[in-house]
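Please open the structure in your viewer and keep the selection panel at hand. Each stop below says what to select and then what is found there.

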Amino acid sequence: MSLRDQLKQDQKEMGRGSDFFKFAEGDNRIRVMAMPKVVASHFLGGKGVTCYGMTKGCPHDHDKIDTKWLTWVLHEGTLKLARLPWTVVDYLANLEANPEYSFTEYPMPYDIIVTAKGAGTMDVEYTPIAARQNTPVDEVYLNDLRSKKTPEEIVDEMKRKQAAADGNGAKLAPDAEANPGDIPF
Ligand SMILES: [Zn+2]
């Protein structure tokens, strides 16, 4: 397989390209479809490089790290892979614990609307709020979701690929338990 074909396949698998959700300025209405999984990145030359943990040999500066939570979202009728910021996942955790909004599984039973101010800039601010109504997710999207890898599987794969690229593949065996201390916040 050529590198181009491999990259195309990678993009498809990771949900990159058109399937990657980006916050637009103003209101973004999304349904969180899967349990978000933390992923940390280093930005090197304008490109994000997945961090697989200092203790596993990731060679980059761990004082400079960007932490997001990867998940599938339904946005404008399309299932997209999203990187949610702390503000949003923190809000989801609050909803989960609130008797008025509590939910026990994914997809969540209602949408959330995230207002982005300064989208696409370093100073972007996100204000999330839950929709008041529960609405079912169409079976079409549930089927689509079942055909995808889980956020956890995708993040594991991203870490393994980066570790292999750095020659640290052996330190990140597929069944190795992630050490919570590996990911700085
Ligand atoms: Zn790292």
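The tour proceeds from strand pairing to the core and then to two loops.

This is a predicted model, in which local features need pLDDT of at least 70 and side-chain atom pairs count only at pLDDT 80 or more, while totals for chains, interfaces and linings use all residues. Residues are numbered from 1 along each chain as its sequence is written.

**Stop 1: Gly-26.** Select Gly-26, which lies in strand S1; helices (H or I, at least four residues) and strands (E, at least two) are DSSP runs, numbered from the N terminus. Is Gly-26 buried or exposed? A residue is buried if 20 or more other C-beta atoms, placed from the backbone, lie within 10 Å of its own, exposed if 12 or fewer, and partly exposed in between. Gly-26 has 11 C-beta neighbours inside 10 Å and therefore counts as exposed. Leaving aside neighbours within four places in sequence, Gly-26 is in contact (C-beta atoms, placed from the backbone, within 7 Å) with Thr-115 and Ala-116. Ala-116 is also the bridge partner of Gly-26 in S6.

**Stop 2: strand S6 (112-117).** Now add S6, which runs antiparallel to S1 and is joined to it by five bridges; two strands pair if DSSP finds at least two bridges between them. S6 also pairs with strand S7 (residues 125-130), in the antiparallel sense, over six bridges. There, Val-114 has Pro-128 as its bridge partner in S7. Display the side chains of S6: Ile-112, Val-114 and Ala-116 point to one face and are buried, while Ile-113, Thr-115 and Lys-117 point to the other and are not. In a regular strand the side chains alternate between the two faces of the sheet.

**Stop 3: the core.** Select Ile-30, Val-32, Met-33, Leu-70, Trp-72, Val-73 and Val-114, which touch the most other members of the largest nonpolar core, a set of 31 residues. A nonpolar core consists of buried Ala, Val, Leu, Ile, Met, Phe, Trp, Tyr and Cys residues joined through C-beta atoms within 7 Å. S4 supplies the largest share of this core, five residues. Next, centre on Ile-30; not counting residues up to four places away in sequence, Ile-30 touches Val-73, Leu-74, His-75, Asp-111, Ile-112 and Val-114.

**Stop 4: two loops.** Move to Glu-76, in the loop between strand S4 (66-75) and strand S5 (78-84). Glu-76 is not a glycine, yet has a positive phi of about 50°. Finally, select Pro-107, in the loop between helix H2 (86-97) and strand S6. The peptide bond from Tyr-106 to Pro-107 is cis, with omega near 0°.

Key. Contact = placed C-beta atoms within 7 Å.
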